[in-house]
Every structure is written in structure tokens, then in C-alpha cells.
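Please take a moment to look over the sequence and the structure shown here before reading on. The paragraphs after it are meant to be read with the model in view.

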Amino acid sequence: MSFKEWEAVVNIIAALAIGAWVIFEALANPPVTVEAVAGRLLWAILFGVLFTIAAMIVMSILVSIARREEFKDEKADERDKLVALRAMRNGYIVASVAGIASLLTLAFSADPARAAYVLFGGLMLAGIIDAGSRLVYYRIG
Amino acid sequence: MGKGQARIDNTIRTLRFNAGEMTQAALAEKVGVTRQTIVAMEQGRYSPSLEVAFRVARAFGVPLEAVFQYRGENE
């Protein structure tokens, strides 16, 4: 697997881990106000970024040890850019649906906190779809 | 890449063999793409842009049609 494929795997793991943590926290300690929900989701985004950076470093070290050579990213060529664009398109579709679902949640007078969770979950799913699409396109062309 | 991609054949593997078993990494460096892209081209999973196609041909010192052959829609 290339560095970019490993990167996609790490992105999926990070999104799943952060998504699981948000769901667990939402069920175990349901926040009372919309502000609390938004704050918690912003923290989740920050943790997601930090988790991804740490996981990328660990992945690079482990794969470098396994291959006995430095494992680093290569400059993206036209195929990488094409794969990224097609994957981003898939992620964008999911993110758009998440945005609409979030607005619909508000339109039907549901709890605004629920709309925030719908939006956050949709964006996490969009990230997973984007990374998953990259893996698929690198494999099947 | 994508729909209809399999209509272009190539002889990159043969040309590499004839060029003294040139490695995929060496060809990738000459062409200016990643090794994974060369692998994908050889396996017919990726049809490169016209510019990269010309660069591959130049790397082997052969005309473009010696590297890539268009099979057509009905073949």
C-alpha cells in the first residue's frame, strides 16, 4: 500500500474513533444546552485533527520499521489528483445530504442539538466516504 | 481511469524489459509520476494524460503508438 492509501486508512480510523467517542459521550453524558453540544463537537474536531496527526506519525514509523526504509509521502501526480477529486466529489455529496438533513431536522422543530449531531455525524461520514473512495479508486482504477 | 478506461492497451512492461529490465521506480522517476501510477498503467487500470503518455514514450525513445494502442469501441 502506498503512503496515500495508508493515509486514507488512518483518516477512516480517526473518523470512526472520534464518531464513536461523540456517540458514547452523547449517550452517557447528554449535554443540556445547544452551546454545550456545539462546544463538545468542536472539541471532537480538535481531537480528530490531533488523533490523525499522531496516527500518521505512528503509522509512518511502524511501516518504516516493517519495510526497513523510510516511508514517506511522494509528490502527488496526475493520478493522485484525479483520485482525490473523485473521492472528494463523493464526500461532498454526503456532506450536502448531511447539511440538508440538519436543516430538515430544524425545519421539523426538533431539538437544535440534534441538528448539530446530524450535521457532525454527516460530516464524519463524508470524511469516511472520501477516504474510502480514495482506497477504492486506488485499487480498481 | 473510470468508464471506458480499458480501451487503451500499452506495452510498458515489454518496453521496460527491452530497456534492460528498467525498474518501475526508474521509469516513474524519468516520467515524473509515482511508481504506483506506473503499476496502474501497466495493469491497464489507469490511462494517463496525453502529456504523461508522451513522456513515457520519450523515456523509452519510441513513438507514442509503440507504447499505447487504442483498441476502439467495438473491439
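What follows is a walk through some features of chain A, then of chain B, and then of the place where the two chains touch.

The model is a predicted one, and every value given for it has been computed from its atoms. A convenient place to begin is in chain A, with the pair of helices α3(A) and α4(A), of which α3 covers residues 78-107 and α4 covers residues 112-140. These two helices pack at an angle of about 165 degrees, and their axes lie 8 Å apart. Because an angle over 145 degrees counts as roughly antiparallel, α3(A) is described as roughly antiparallel to α4(A). The crossing in which α3(A) passes α4(A) is right-handed, and the residues that form this contact divide into 20 nonpolar, 8 polar and 4 charged.

A single residue can serve as a guide to this part of chain A. Is Val118(A) buried or exposed? Val118(A), which lies in helix α4 of chain A, is buried, because 20 other C-beta atoms are found within 10 Å and a count of 20 or more is what the term requires. Leaving aside residues up to four places away in sequence, Val118(A) touches Ala98(A), Ala101(A), Ser102(A) and Thr105(A). Between Val118(A) and Gly48(A), which are 70 residues apart along the chain, the separation of the C-alpha atoms is 17 Å.

Chain B can be read in a similar way, beginning with its elements. It contains 5 helices and 2 strands, and from the N terminus on these follow the order β-α-α-α-α-α-β. Of the 75 residues in chain B, 23% are buried, and among its contacts between residues at least 6 apart in sequence, 54% join residues at least 24 apart. One of the residues of chain B to look for is Gln36(B), which belongs to helix α3 of that chain, residues 35-42. Gln36(B) is buried, since 21 other C-beta atoms lie within 10 Å. The C-alpha atom of Gln36(B) is separated by 18 Å from that of Glu51(B), a residue 15 places away along the chain.

It remains to consider how the two chains meet. Which element of chain A gives the largest share of the side that touches chain B? In the model, 9 residues of chain A are in contact with 11 residues of chain B, and the largest share of the chain A side, 4 residues, comes from helix α3 of chain A. By class, that side of chain A has 2 nonpolar, 2 polar and 5 charged residues.

Technical notes: Residues are numbered from 1 along each chain as its sequence is written. Chains are lettered from A and ligands numbered from 1 in the order in which they are written. This is a predicted model: local features need pLDDT of at least 70, side-chain atom pairs count only at pLDDT 80 or more; totals for chains, interfaces and linings use all residues. A residue is buried if 20 or more other C-beta atoms lie within 10 Å of its own, exposed if 12 or fewer, and partly exposed in between; C-beta atoms are placed from the backbone. Two residues are in contact if their C-beta atoms, placed from the backbone, lie within 7 Å. Ala, Val, Leu, Ile, Met, Phe, Trp, Tyr, Cys and Pro count as nonpolar, Asp, Glu, Lys and Arg as charged, and the others, Gly among them, as polar. Axes are lines fitted to C-alpha atoms, for helices over the stretch in contact, and angles run from 0 to 180 degrees between N-to-C directions. Angles under 35 degrees count as roughly parallel, over 145 as roughly antiparallel, 65 to 115 as roughly perpendicular and the rest as oblique. A crossing is left-handed if the near helix is turned anticlockwise from the far one by less than a right angle, and right-handed if clockwise.
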